[in-house]
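Visitor: I would like to learn how to read the features of a structure like this one, starting from a single residue and working towards the interior. Could we go through it together, step by step?

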Amino acid sequence: VEYFVKDYSGFVSVYVKDLTSGRTVLINENKKVPAASIIKIPMMSTIYYLNETGKLSLDKELVYEKKHRCGGSGKIKFLPYKTKFKLKDLVEIMITESDNIATNIITEQVGLVTLNNIFKETFGLKETDMNRYIMDLKLRDKGIENYTTAKEIGLMLENIYRGRLISKKASSEMLKILMKQKISDRIPKYLPKEIVVAHKTGLMRDSCHDAGIVFTNKGDFVIVVLTQKLNTTIAKNVIAEIAYKTYSVYQ
């Protein structure tokens with residue numbers, strides 16, 4: 001993988017961990033990069049934490065308003081304003097379809113300050129922060145960005161896998177949502193169809209990412225590949241190749 005990554009002119013960070021032996025492949029794993037939709041993993045975790053601690057019910061009904069509308073991924077933009085959603089359904093749509101309107105409604109409900117406090121104080125994410133709404137392109141163009149690292153997301157996914165993030169029940173529910181991911185043009189691309197992957201993609205301007213857990217009959221592994229300043233088609237292929245090369249080791 002190290003040699004493969006060196007062939008590209010953009011930036012690639014990699015965090016791969018075998019979940020049985022603990023062996024890792026690490027490349028730029030601590031480098032802060034624009035998170036794009038990978039930030040939705042800690043966001044989902046925050047919602048489950050608030051639910052678990054009785055501060056916010058997953059069954060709370062929220063309303064899609066005109067102010068939430070934005071571009072990018074998702075289908076909510078095709079629905080009429082005033083459509084109601086349960087919070088748990090918004091979380092699932094945010095992850096499985098990477099819906100940005102769902103993300104906006106959730107961000108407004110929780111608030112950027114609370115999100116960042118929980119990222120830091122509850123989950124111990126030192127380098128992951130959310131400084132703007134997901135599709136606030138005006139702020140993005142002023143250099144205000146949401147950040148994360150491959151290692152922090154990798155450790156978070158491992159905690160979900162081991163049932164250690166928040167609680168066994170919350171971890172199990174989050175894992176099931178990640179397994180329903182509908183965007184399969186990165187980590188799963190070259191893997192056999194029967195291989196289960198629980199993952200979340202990210203794509204925005206110069207950033208193309210995927211982060212997940214791959215389940216094989218000879219052991220499971222966490223894989224996070226964050227890329228910057230690569231042509232999108234090449235970036236998706238780099239992620240798919242790294243996932244396939246890692247999977248091949250298990251065969």
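**Reading a predicted model, feature by feature**

Guide: Let us begin with Ala36, which is found in the loop between strand 3 (33-34) and helix 2. Please keep in mind throughout that this is a predicted model.

Visitor: What is the phi of Ala36, and is Ala36 buried or exposed?

Guide: Ala36 has a phi near 50°, which is a positive value in a residue other than glycine. Ala36 counts as buried because its relative accessibility is 7%, and the cut-off for that word is under 20%.

Visitor: Which loop holds Lys229, and how should I read its backbone and its accessibility?

Guide: Lys229 sits in the loop between strand 9 and helix 9, and although Lys229 is not a glycine, its phi is positive at about 60°. With a relative accessibility of 59%, Lys229 counts as exposed, since that word applies over 50%.

Visitor: How many residues of strand 9 are buried, and how are they divided between its faces?

Guide: Burial of a strand is best read one face at a time. In strand 9 (residues 219-228), ten of the ten residues are buried, so the strand is largely enclosed by the rest of the structure. Gly219, Phe221, Ile223, Val225 and Thr227 lie on one side, while Asp220, Val222, Val224, Leu226 and Gln228 lie on the other, and both faces are covered.

Visitor: Which strands pair with strand 9, and in what sense?

Guide: Strand 1 (residues 11-18) pairs with strand 9 in the antiparallel sense over eight bridges, and strand 8 (residues 207-216) runs antiparallel to strand 9, joined to it by ten bridges. Strand 8 and strand 9 are also connected as a hairpin, through two residues. Thr227 is a useful residue to follow here, as Val12 stands opposite Thr227, and Thr227 is also the bridge partner of Cys208.

Visitor: Where does Val224 belong in the nonpolar interior?

Guide: The general idea is that, in soluble globular proteins, nonpolar side chains tend to be buried together. Here the largest nonpolar core has 56 residues, and Val224 is, with Met44 and Leu157, among those with the most contacts inside it. Leaving out residues up to four places away in sequence, Val224 touches Ser13, Val14, Tyr15, Ala150, Ile153, Gly154, Leu157, Asp210 and Ala211. There is also a second, separate core of 21 residues, which includes Ile27, Leu191, Ile223 and Leu230.

Visitor: Which residues does Ile153 touch, and is Ile153 buried or exposed?

Guide: Ile153, found in helix 7 (residues 150-161), is buried, with a relative accessible area of 0%. Not counting residues up to four places away in sequence, Ile153 touches Ile38, Ile41, Pro42, Thr148, Ala211 and Val224. A separation in sequence can be set beside one in space: Ile153 and Glu29 are 124 residues apart along the chain, and their C-alpha atoms are separated by 9.8 Å.

Visitor: How many residues of helix 4 are buried, and what do they pack against?

Guide: In a helix, one asks which residues are covered and by which elements. Nine of the eleven residues of helix 4 (residues 100-110) are buried, so helix 4 is largely enclosed by the rest of the structure. The buried residues are Asn100, Ile101, Ala102, Thr103, Asn104, Ile105, Ile106, Thr107 and Val110, and they pack against helix 2 (40-52), strand 4 (61-63), helix 3 (87-96) and helix 5 (112-121).

Visitor: How much space lies in the largest cavity, and how much in the largest pocket?

Guide: A search of the whole structure finds one cavity of 30 Å³ or more, and the largest cavity holds about 30 Å³ of space. Its lining includes Cys208, Thr227 and Lys229, which we met earlier, and the elements giving two or more residues to that lining are strand 8, strand 9 and helix 9 (232-249). By class, the cavity lining has four nonpolar, four polar and three charged residues.

The largest pocket contains about 310 Å³ of space, and of the twelve residues lining it, Val16, Arg23, Val25, Thr246 and Val249 are the closest to its centre. Strand 1, strand 2 (24-27) and helix 9 each supply at least two residues of the pocket lining, which divides into five nonpolar, three polar and four charged residues.

Definitions and conventions. Residues are numbered from 1 along each chain as its sequence is written. This is a predicted model: local features need pLDDT of at least 70, side-chain atom pairs count only at pLDDT 80 or more; totals for chains, interfaces and linings use all residues. Side-chain values use heavy atoms; hydrogens and water are left out. Buried means under 20% relative accessible area, exposed over 50%, partly exposed in between (1.4 Å probe, protein chains only). Helices (H or I, at least four residues) and strands (E, at least two) are DSSP runs, numbered from the N terminus. Two strands pair if DSSP finds at least two bridges between them. On a 1 Å grid over the protein atoms alone, a cavity is a set of points where a 1.4 Å probe fits but cannot get out, and a pocket is an open set with protein on both sides within 12 Å along at least five of seven lines; lining residues have an atom within 4 Å of a point. Grid points are joined across faces, edges and corners, and a volume is the space filled by probe spheres set on the points. Ala, Val, Leu, Ile, Met, Phe, Trp, Tyr, Cys and Pro count as nonpolar, Asp, Glu, Lys and Arg as charged, and the others, Gly among them, as polar. A nonpolar core is a set of buried Ala, Val, Leu, Ile, Met, Phe, Trp, Tyr and Cys residues joined through side-chain atoms within 4.5 Å. Contact means heavy atoms within 4.5 Å.
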